[in-house]
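Me: Can you walk me through this protein? I'd like to start with how the chain is divided up.

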Amino acid sequence: MEKRKIAVIGAGITGLSAAYYAVKEAKQQGLGVEVTVFEAGDRVGGKIHTDYTDDFIIELGPDSFLARKTSAANLAEEIGIDGELIRNQTGQSYILHGDTLHPMPGGSIMGVPTQLGPFASTKLLSPSGKVRAAGDLFLPRTMKDGRDQSLGTFFRKRLGNEVVDRLIEPLLSGIYAGNIDNMSLQSTFPNFQSLEDKYRSLILGMKSSMNRGGQTSKAKGTGQKQGMFFSFTGGLQSFADAIADTLPEESLRLQTVIERVGRTDGGYLLSIENADDVYVDDVIMTTPHYVNASLLPSFSKREMLQDIPATSVATVALAFPKSAVKQDIDGTGFIVAKTGDYTITACTWTHKKWSHAAPEDYALLRAYVGHAGNEDIVFEEDETMIDVVLNDLRKIMDIDCEPEFYRIKRWKNAMPQYTVGHKDRMKEMKETLEKEYPNLEMTGASFAGIGLPDCINQGAEAARKILAIAK
């Protein structure tokens, strides 16, 4: 019997996960399938991109994933590299407000205060700002009809502008490089809405959820705090490579540019640049939304895909001898409140957060630039970008020399923006897609979560849907 042909477009973490689970579960179910992954670039991983220079391991994309979201660690165990998992080093993190680094208030979860003492004593907030935030304990629910609202609207109503602008905004917008006054609550952090629905007060809801969680952040038997994030001793690229290595031989086609996905009787014809067309039965598209729009020119909801905003960002990694950093701040890094005259949005003291990332005598700083409404810096020349980043860092840290080397990675339109109403729009788009393009799944960071575990879940779910059709 001829095998059913499944094409996975894109070899980022979503595409690799889709291919892995399609192969694995087809074998378990006794289904005859042939999975091929098509990737325009010359490597796997997508936004996962690790630079290996001398003894440095430098993440140019994401540097980790949340440990509490278990799908990534579970996949690592399935492919036999769970022994390479490492947690981040814990330490003080800071918020830069004005020209002062303020310690992140203890007990704040995504900026929501859950402990009175640290919140009352922090100098990041004024007395009036603290009183306004405490009003959350008495305010009614902000929304009762289930409609979506922006993160900014929700948190400003509950905790006030000062807590949002100085604490919550730099944390949440940093994840998505977006404007929280435009970002969808339902599509980014629906758990906050659920807590308000159940407890009325966001602070009380967060405290209750923490109490139910017990000591999940403590190492078993030690009482010591564990890092919240995982990476791998060989960097995240080693994870992507290991997934690819599990796939059947010749199932991965790198440097293969697909120009169009056309529907035929019972399947699809992939038009490939400088190569013969390929017929397949099923397609899983894991490429960004704007790429998908170009590949499906006849899709009636094509404009809906094109209209999803995306922000361009850049990662700037700089290596110094430790002796060059005169002001050795005890911590793992800081985020920047948008109230000061700074271009960078955050900086990680990578050598302190990840002990494997740099030789012992070196400091590795990883700065970030670019966010919604301020992307010009991303496209400046390297020299200009390095000057701007160093100027910002020297306002905060005493660095007395140029970096021994640097690495810059620009990510054009890499951060999809889930604006208010995103969830409903994507539901409408996918319902139409199912009618116009049966046997085709469209999934990935553009649609329902940008973190590595979220993308793994999306890839696995797409594979299961396609295999259900193949039965």
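**Domains and a small sheet**

Reply: Sure. The protein chain splits into domain 1 (4–43 + 237–308 + 418–469), domain 2 (105–214) and domain 3 (310–416). Keep in mind that this is a predicted model.

Me: Ok, how far apart are the C-alpha centres of domain 1 and domain 3?

Reply: Those two centres lie 34 Å apart.

Me: And how many residues are in contact there?

Reply: On the domain 1 side there are 8 residues, in contact with 6 residues of domain 3.

Me: How much area do domain 1 and domain 3 bury between them?

Reply: About 460 Å², with 66% of it on carbon and sulfur atoms. Helix H11 (289–295) and helix H16 (445–448) are the elements giving two or more residues to the side of domain 1 that touches domain 3. That side divides into 5 nonpolar, 2 polar and 1 charged residue.

Me: What's the count of salt bridges between domain 1 and domain 3?

Reply: The count is 0 salt bridges. For polar contact, the count between domain 1 and domain 3 is 1 residue pair.

Me: New topic: sheets. What order do the strands come in for the open one?

Reply: The order is E5-E11-E6, so to speak from one side to the other: 3 strands with antiparallel pairing. Strand E5 (65–66) and strand E6 (85–87) are the edge strands, and each pairs on one side only.

Me: How many bridges join E5 to E11?

Reply: 2 bridges join E5 to strand E11 (residues 229–232), and the two run antiparallel.

Me: Which residue stands opposite Phe 65?

Reply: That's Phe 230, in E11.

Conventions:
Residues numbered from 1 in each chain as written. Predicted model: local features only at pLDDT ≥ 70, side-chain atom pairs only at ≥ 80, totals over all residues. Heavy atoms only, no water. Domains from an automatic or database assignment. Contact = heavy atoms within 4.5 Å. Buried area = accessible area lost by both parts, 1.4 Å probe. Salt bridge = Lys/Arg side-chain N within 4 Å of Asp/Glu carboxyl O. Polar contact = N/O pair within 3.5 Å; in protein donor to acceptor, adjacent residues only side chain to side chain. Helix = DSSP H or I, 4+ residues; strand = E, 2+ residues; numbered from the N terminus. Nonpolar A, V, L, I, M, F, W, Y, C, P; charged D, E, K, R; others polar. Pairing = 2+ DSSP bridges.
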